[in-house]
Amino acid sequence: MKPQDILTEKTSLWIFGYGSLVWKPDFEFRRSKVGYIQGYKRRFWHGDNFHRGNDEMLGRVVTLVEDDDECTWGVAYEVTGAQIEESLKYLNVREAVRGGYITKAVEFIPRGDGEAPLLALVYIATADNPIYLGPASCEEIASQIAVSHGKTGHNIEYLLRLADFMRAYCPEVADNHLFSIEASALALVPYLLASDPALSTL
């Protein structure tokens, strides 16, 4: 699916975020809802050579991997009218051009009794992407995140903000992959601070 295909006769669009979009959408939207999509798991398997890394030292950011038994929590944003084209143009640069993500339509299930499922657009990085890194141990991923940074900031900030979101908005959800990487990265902080005091501001 291409974003421009969605614009045809569309007056409202939901966009699902599961990474940095949960705390930094950076586009105008009408409203947002916390919820999840079924059939995908969130993994730090995608490389980043712009926002949280560079060509010499790739950062690691999240993508979605198909798994029928898993679900991924995040935030869906509704954009309407002129917001649709504006948000898609912005996200095309942020997620597709700079991140190498593709778009898919998924069923988003908002939190709350009586909430009907919604069709939402999501950005996913697949294994055929040139900077896709794939699986690694939580310790290896944490070590890479701990030392990477890009034009948006330190990779570890991305990790900690995502973990903070899950604790604040989805406290009942056990995201073992995310929290295991966070714990491993935090264990490295004393060593990182010794070499880079700027990290103390995170």
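This tour moves through a predicted model, from its barrel to one helix and then to its cysteines. Residues are numbered from 1 along each chain as its sequence is written. In this predicted model, local features need pLDDT of at least 70, side-chain atom pairs count only at pLDDT 80 or more, and totals for chains, interfaces and linings use all residues, while side-chain values use heavy atoms, without hydrogens and water.

**The barrel.** Select the strands (DSSP runs of E, at least two residues, numbered from the N terminus). Five of them form a closed barrel in the order β1-β3-β2-β4-β5, with mixed pairing (two strands pair if DSSP finds at least two bridges between them). Next, select residues 12-17 and 59-80: these strands, β1 and β3, pair in the antiparallel sense over six bridges. Within β3, Val79 is the bridge partner of Leu13.

**Helix α2.** Select residues 82-97, a helix (a DSSP run of H or I, at least four residues). α2 has 16 residues and reaches 22 Å from its first C-alpha to its last, close to the 22 Å expected at 1.5 Å a residue (1.5 Å times one less than the number of residues). At Leu91, α2 bends by about 30° (the angle between axes fitted to the seven residues ending there and the seven starting there). Among its buried residues (under 20% relative accessible area, 1.4 Å probe, protein chains only) are Ile84, Leu88 and Arg94.

**The cysteines.** Select Cys170, which is buried, with a relative accessible area of 1%. Why does Cys170 form no bond with Cys71? Their sulfurs are 9.5 Å apart, too far for a bond. Across the whole structure, a search finds zero disulfides (pairs of cysteine sulfur atoms within 2.5 Å). For Cys138, the nearest cysteine sulfur is that of Cys71, 18 Å away.

Note on methods. Buried means under 20% relative accessible area, exposed over 50%, partly exposed in between (1.4 Å probe, protein chains only).
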